[in-house]
Amino acid sequence: AQRRIIGREAAFYAVAHHGKLTAFAAYASDWRLGGGASYAFEPLGGADQAVLRDLAARLAASADLHGHFACDVMIDAQGRPFLIECNPRATSGVHLLTGEGTLACAIGEGVPMFTQSRAPAYLGPAMLVYGLPQAMR
């Protein structure tokens, strides 16, 4: 059990290579299946992205992580992040790091890649099946 945090939900997807953060994307989503899995992802910028990147880097270094990891967080009114859960696998944030081919180098070779897309990403079929009815409501 943990205390309830009032704030904004956000998430990040990260890649670490022997404890060093090599790829990172932070995002939020209002488009979800019953409050769970998201199918559209809005990249975070500014202070929220910076604080979450720092958190990811500290997690990677302190646990000497190697591979994918992703966390869900609540960001309180003061801008402080609180971890809700951490997943040792690729999650939806990977959609914000695709397109240039550099993600594979970050995963396999440890080449840093920190340019996440500034454009929202979405899963097309899910947006049609679930998002369209939600938008109509």
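## A salt bridge along the helix

Let's start inside helix H1: Asp-54 and Arg-58 sit four residues apart in it, so about one helical turn separates them. (Helices, H or I with at least four residues, and strands, E with at least two, are DSSP runs numbered from the N terminus.) An α-helix has 3.6 residues a turn, so residues three or four places apart point the same way. Asp-54 and Arg-58 form a salt bridge, with their closest N and O atoms 3.1 Å apart. That term means a side-chain nitrogen of Lys or Arg within 4 Å of a carboxyl oxygen of Asp or Glu. Asp-54 counts as partly exposed, because its relative accessibility is 40%. The cut-offs here are under 20% relative accessible area for buried, over 50% for exposed, and partly exposed in between, using a 1.4 Å probe and protein chains only.

A quick word on the model: it is predicted, so local features need pLDDT of at least 70 and side-chain atom pairs count only at pLDDT 80 or more, while totals for chains, interfaces and linings use all residues. Residues are numbered from 1 along each chain as its sequence is written, and side-chain values use heavy atoms, with hydrogens and water left out.

## Helix H1 and its two faces

H1 covers residues 46–63, and its 18 residues should span 26 Å at 1.5 Å a residue; the end C-alpha atoms are indeed 26 Å apart, which agrees. (The expected span is 1.5 Å times one less than the number of residues.) Right after H1 comes Asp-64, which has a positive phi near 50°.

Which residues of H1 are buried? They are Asp-48, Gln-49, Leu-52, Leu-55, Ala-56 and Ala-60. Looking down the axis of H1, you'd find these buried residues within an arc of 135°, so they line one face of the helix. (The arc is taken from the directions between the helix axis and the C-beta atoms.) The buried residues of H1 pack against strands E1 (8–17), E2 (20–28), E4 (67–75) and E5 (81–87), where contact means heavy atoms within 4.5 Å. On the face turned away from the buried side, you'll see the exposed residues Gly-46, Ala-47, Ala-61 and Ser-62.

## Two more salt bridges

The structure holds three salt bridges. In one of them, the side chains of Arg-8 and Asp-48 meet at 2.6 Å, N to O. This pair links distant parts of the chain, with Arg-8 in strand E1 and Asp-48 in helix H1, 40 residues apart. Arg-8 is partly exposed at 40% relative accessibility, whereas Asp-48 is buried at 18%.

Arg-80 and Asp-76 also meet through their side chains, at 2.6 Å from N to O. Arg-80 is partly exposed, with a relative accessible area of 44%, while Asp-76 is buried at 6%.

## A cluster of rings

How many aromatic pairs does the structure hold? There are two. Rings of Phe, Tyr and Trp (its six-membered ring) pair if their centres lie within 6.5 Å; planes under 30 degrees apart are stacked, over 60 edge-to-face, and the rest tilted. Phe-12 and Phe-24 make a tilted pair, 5.6 Å centre to centre with 35° between the planes. Phe-12 is in strand E1 and Phe-24 in strand E2, so their pair ties together parts twelve residues apart in sequence.

Phe-12 and Phe-69 have ring centres 6.2 Å apart and planes at 90°, so this pair is edge-to-face. Phe-69 lies in strand E4 and Phe-12 in strand E1, so the pair ties together parts 57 residues apart in sequence. Ring pairs thus link Phe-12, Phe-24 and Phe-69 into a cluster. Phe-12 is buried at 0% relative accessibility, Phe-24 is buried at 1%, and Phe-69 is buried at 3%.
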